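Colleague: I have a new fold to get through, and I am new to this. Can we take it in short questions?

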Amino acid sequence: MSQLSRREFGHYAGALALGMSTTRALGAGSPASEASPQAGRSSALSFPQGFRWGVATSAYQIEGAVHEDGCGLSIWDTYAHTLGKIEAGHNADVANDHYHRYREDVALMKELGVKVYRFSIAWPRIFPTGTGSPNGKGVDFYSRLVDELLAAGIEPFPTLYHWDLPQALQDKYGGWQSRETVNAFADYSGYVARKLSDRVSRFFTLNEIGTFVDRGHAGFEVQVGGENVPLESAPGLRLPPAELNQVRFHAVLAQALSVQAIHAMGKKGTQCGPADNVSTAVPVIDEPEHVRAAELATRELNATYLTVMMEGKYPETFLARAGKHAPRVTDEDARILATPVDFIGINVYRPAVYVLPSAQLPGYQSIPFNVSHPRMQSSWHLLGPEVMYWAPRIVHSLWKPNAIYITENGCAASDEPSEDGAVYDSDRNMFTRNCLSHLQRATAEGVPVKGYFHWTLMDNFEWSAGYGKRFGLVYVDFKTQKRTPKLSAAYFREAAWRNAVV
Ligand code: BG6
């Protein structure tokens with residue numbers, strides 16, 4: 001099969017509807033190794049040539065095998081086994097059993113036309129107690145995974161920290177409350193870079209610092225229809241403001257020190273940067289005054305995370321607001337904080353807020369979401385696909401990074417196989433197409449977005465929601481571990497294949 005025609009796409013969607021096996025539904029013989037129909041041609045809906053199409057996952061959400069081959073305990077093991085923390089009493093001991101099924105999962109990605117894969121490395125597999133002697137079997141697992149990906153023509157983009165802190169560091173130092181954990185993370189980063197950078201050229205350091213810090217240390221809440229809904233994560237602490245700001249500081253310092261360690265220990269030219277869930281203020285109107293207001297607001301909203309990572313120091317406005325609760329930063333740490341990144345990854349799901357310009361300081365006015373504002377399935381997920389245009393555009397105008405990757409974008413949906421066996425996730429299809437349309441606009445205007453990773457490859461252990469929220473392009477039956485691509489997988493494959501919004 002040289003290319004997938006529209007008719008074949010229709011046939012493929014029909015095949016999904018007939019509940020055919022993954023391999024048959026996606027068509028025998030993958031077009032992945034052949035030139036895309038859009039290659040070299042320009043179209044109003046095309047992405048730039050060489051744009052990377054991928055999916056993202058994280059270790060704790062899919063691997064299972066939490067006690068196998070010398071893997072140490074993580075704070076998520078402890079949290080998931082604490083009564084009442086995870087919906088329906090679920091845990092991730094088995095999850096998607098990816099640790100044993102990674103070959104099948106890589107084959108599945110190849111069939112989906114995936115060209116880049118963002119997965120995370122479980123720190124407790126490499127250093128079971130966070131520091132000390134590395135665990136060879138843990139390193140081997142990721143080494144085999146990298147080889148399998150490369151053999152399938154998929155470029156690996158590992159993330160070093162997707163929230164599974166070794167429990168030993170929590171017990172010994174209070175985890176991210178301590179500067180010791182920052183050093184341990186840098187050592188671990190350098191070690192992994194040394195082991196894998198012969199085959200991996202790009203690493204992401206930490207995933208969504210704001211999420212694991214605030215949900216894990218502040219009892220974070222989100223407003224849903226006028227009510228506050230708690231969103232809590234491991235380790236489940238509630239710290240006072242000064243201690244919370246210190247944890248925030250340690251995490252951004254860890255990202256800077258990790259960059260230094262990767263550069264020092266990895267093969268020459270190895271690149272890295274964070275994968276951050278930038279909080280984006282979206283202007284009500286695309287007009288210079290409104291856009292300026294959105295830029296000011298975005299810089300402020302991210303003051304303790306992306307702004308400090310990109311500017312190398314805290315904005316004065318934040319320090320003034322924090323007052324006596326501001327983080328304590330030594331001169332040496334202030335220098336480390338200024339370490340530049342090679343690129344940035346942004347996870348983009350929803351607008352943080354819509355803003356109007358204002359003559360009063362701080363120069364913008366946040367407007368509340370209307371009660372009837374549409375949302376996707378998750379309580380936090382207000383719908384606003386235009387954020388996929390504004391997030392990279394504003395990040396680019398504020399900080400001019402060399403390259404931007406969309407490291408996550410996706411949604412949960414109430415996916416169930418229908419009588420014919422297919423999973424018709426029409427809402428995810430709508431969400432993805434709309435987000436891609438806005439992203440395409442950004443690339444067409446010259447914003448340097450180099451790739452898109454859909455969150456996520458397959459349904460997984462969705463943290464505190466257990467297996468009750470499905471984000472995958474592929475449906476997983478957790479009793480049998482059978483993987484079934486959903487309708488949106490067909491959409492993703494076609495878009496990746498054509499390098500365009502379809
Ligand atoms: C991102 C995380 O924040 O969003 C993922 O990086 C997570 O790990 C996804 O699965 C969905 O989040 P939530 O809060 O709905 O589980």
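Modeller: Two strands pair if DSSP finds at least two bridges between them. Helices (H or I, at least four residues) and strands (E, at least two) are DSSP runs, numbered from the N terminus. This is a predicted model: local features need pLDDT of at least 70, side-chain atom pairs count only at pLDDT 80 or more, and totals for chains, interfaces and linings use all residues. Residues are numbered from 1 along each chain as its sequence is written, and side-chain values use heavy atoms, with hydrogens and water left out.

Colleague: In what order do the eight strands close into a barrel?

Modeller: The pairing in this barrel is parallel. Eight strands take part, and they close in the order E1-E2-E3-E4-E7-E9-E12-E13.

Colleague: What does the twist average from one strand to the next?

Modeller: Angles run from 0 to 180 degrees between N-to-C directions, and axes are lines fitted to C-alpha atoms, for helices over the stretch in contact. From one barrel strand to the next, the twist averages 25°.

Colleague: What is the bridge partner of Gly-345 in E12?

Modeller: Strand E9 covers residues 344-347, and strand E12 covers residues 404-408. The two pair in the parallel sense over four bridges. In E12, the partner of Gly-345 is Tyr-405.

Colleague: Which strands does helix H16 touch as it packs on the sheet?

Modeller: Helix H16 spans residues 387-399, and its direction makes about 140° with that of E12. In contact (heavy atoms within 4.5 Å) with H16 are E9, E12 and strand E13 (449-455).

Colleague: What angle does the direction of helix H17 make with that of E13?

Modeller: Helix H17, residues 426-444, packs on the sheet as well. H17 touches strand E1 (52-56), E12 and E13. With the direction of E13, H17 makes about 170°.

Colleague: Which strands stand at the edges of the open sheet?

Modeller: This sheet has three strands in the order E8-E10-E11, with mixed pairing. Each edge strand has a single partner strand, so one side of each is left without a neighbour in the sheet; these are strand E8 (281-283) and strand E11 (364-367).

Colleague: Which residue stands opposite Leu-356 in E11?

Modeller: Strand E10, residues 353-357, pairs with E11 in the antiparallel sense over four bridges. Opposite Leu-356 in E11 stands Gln-365.

Colleague: At what angle to E10 does helix H12 run?

Modeller: Helix H12 covers residues 288-301. H12 lies across E8, E10 and E11, and runs to E10 at about 130°.

Colleague: Which residue takes a positive phi in the hairpin of E14 and E15?

Modeller: Four bridges join strand E14 (residues 474-477) to strand E15 (residues 482-485), and the two run antiparallel. Asp-477 stands opposite Lys-482 in E15. Four residues lie between the strands, and a positive phi near 65° is taken by Gln-481.

Colleague: How far apart are the axes of H5 and H7?

Modeller: Helix H5 (residues 98-111) packs on helix H7 (residues 136-151) at an angle of about 15°. H5 and H7 are therefore roughly parallel (under 35 degrees; over 145 is roughly antiparallel, 65 to 115 roughly perpendicular and the rest oblique). The contact includes Tyr-102 and Val-106 of H5 and Phe-141 and Leu-145 of H7. Their axes are apart by 10 Å.

Colleague: And how far apart are the axes of H9 and H11?

Modeller: Helix H9 (residues 179-196) and helix H11 (residues 241-265) pack at an angle of about 30°. That makes H9 roughly parallel to H11. Among the contact residues are Ala-186 and Gly-190 of H9 and Leu-257 and Ala-261 of H11. The axes of H9 and H11 are apart by 8 Å.
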